[in-house]
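Open the model in your viewer and keep the selection tool ready. This tour goes stop by stop, telling you what to pick and what is there.

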Amino acid sequence: CIKAVVNDLSECLKTHFAAEEQFMEGRGYQDIDAHIAEHRLFAHAIETLRMNRHDSHLEAAKELIVMLGNWVLRHILVEDRKYTEGVCMREVNSTGA
């Protein structure tokens, strides 16, 4: 059932986002507030999907696939890369490697 998948995804996101935000905070990521805001918007979109009634499981599954695809392309490949590259560069510069 798609609702169970969305429920599981929602729980996984909470854990993942909390860990990622703690990592960024611990490394002094400068754009952390904007990054956290994006997490909240995505979590809200998933929650909205979870709460909405759909005419079919197929309709909900399609919506979820589009949301996840956009998230991967826009957030993970762009925004997450910004902080990982920034953190890695700072750590390399601080160790003199």
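A pocket here is an open set of grid points with protein on both sides within 12 Å along at least five of seven lines. Its volume is the space filled by probe spheres set on the points. Keep in mind that this is a predicted model.

**Stop 1: the largest pocket**

How much space lies in the largest pocket? About 190 Å³. To see its lining, start with Cys1, Ile2, Lys3 and Val6. Add Leu49, Arg50, Asn52 and Arg53. Finish with His54, Ser56, His57 and Ala60. The elements that each give two or more residues to this lining are H1, H2 and H3. H1 supplies the largest share, three residues. Now colour the lining by class: five residues are nonpolar, four are polar and three are charged.

**Stop 2: a pair in helix H2**

Stay on Arg50, one of the pocket-lining residues. Now select Glu47 as well. The side chains of Glu47 and Arg50 form a salt bridge, at 2.7 Å from N to O. Both residues sit in helix H2, which spans residues 32–51. They are three residues apart, about one turn of the helix. Are these two buried, exposed or in between? Glu47 is partly exposed, at 28% relative accessible area. Arg50 is partly exposed too, at 24%.

In general, side chains of opposite charge can pair when their charged atoms come close.

**Stop 3: a pair in helix H1**

Move to helix H1, residues 2–26. Select Glu11 and Lys14. Their side chains meet in a salt bridge, 3.2 Å from N to O. Because they are three residues apart in H1, about one helical turn separates them. Glu11 is partly exposed, with 46% relative accessibility. Lys14 has 51%, so Lys14 counts as exposed, since the cut-off for exposed is over 50%.

**Stop 4: a pair in helix H3**

Go on to helix H3, residues 57–95. Select Glu79 and Lys82. Here the side chains join in a salt bridge at 3.3 Å, N to O. Again the partners lie three residues apart, about one turn of the helix. Which side of the burial cut-off does Glu79 fall on, buried or exposed? Glu79 is buried, with 17% relative accessibility, because buried means under 20%. Lys82 is partly exposed, at 45%.

**Last look**

How many salt bridges does the structure hold? Five. Among them are Glu47 with Arg50, Glu11 with Lys14 and Lys82 with Glu79.

How values were computed
Residues are numbered from 1 along each chain as its sequence is written. This is a predicted model: local features need pLDDT of at least 70, side-chain atom pairs count only at pLDDT 80 or more; totals for chains, interfaces and linings use all residues. Side-chain values use heavy atoms; hydrogens and water are left out. A salt bridge is a side-chain nitrogen of Lys or Arg within 4 Å of a carboxyl oxygen of Asp or Glu. Helices (H or I, at least four residues) and strands (E, at least two) are DSSP runs, numbered from the N terminus. Buried means under 20% relative accessible area, exposed over 50%, partly exposed in between (1.4 Å probe, protein chains only). On a 1 Å grid over the protein atoms alone, a cavity is a set of points where a 1.4 Å probe fits but cannot get out, and a pocket is an open set with protein on both sides within 12 Å along at least five of seven lines; lining residues have an atom within 4 Å of a point. Ala, Val, Leu, Ile, Met, Phe, Trp, Tyr, Cys and Pro count as nonpolar, Asp, Glu, Lys and Arg as charged, and the others, Gly among them, as polar.
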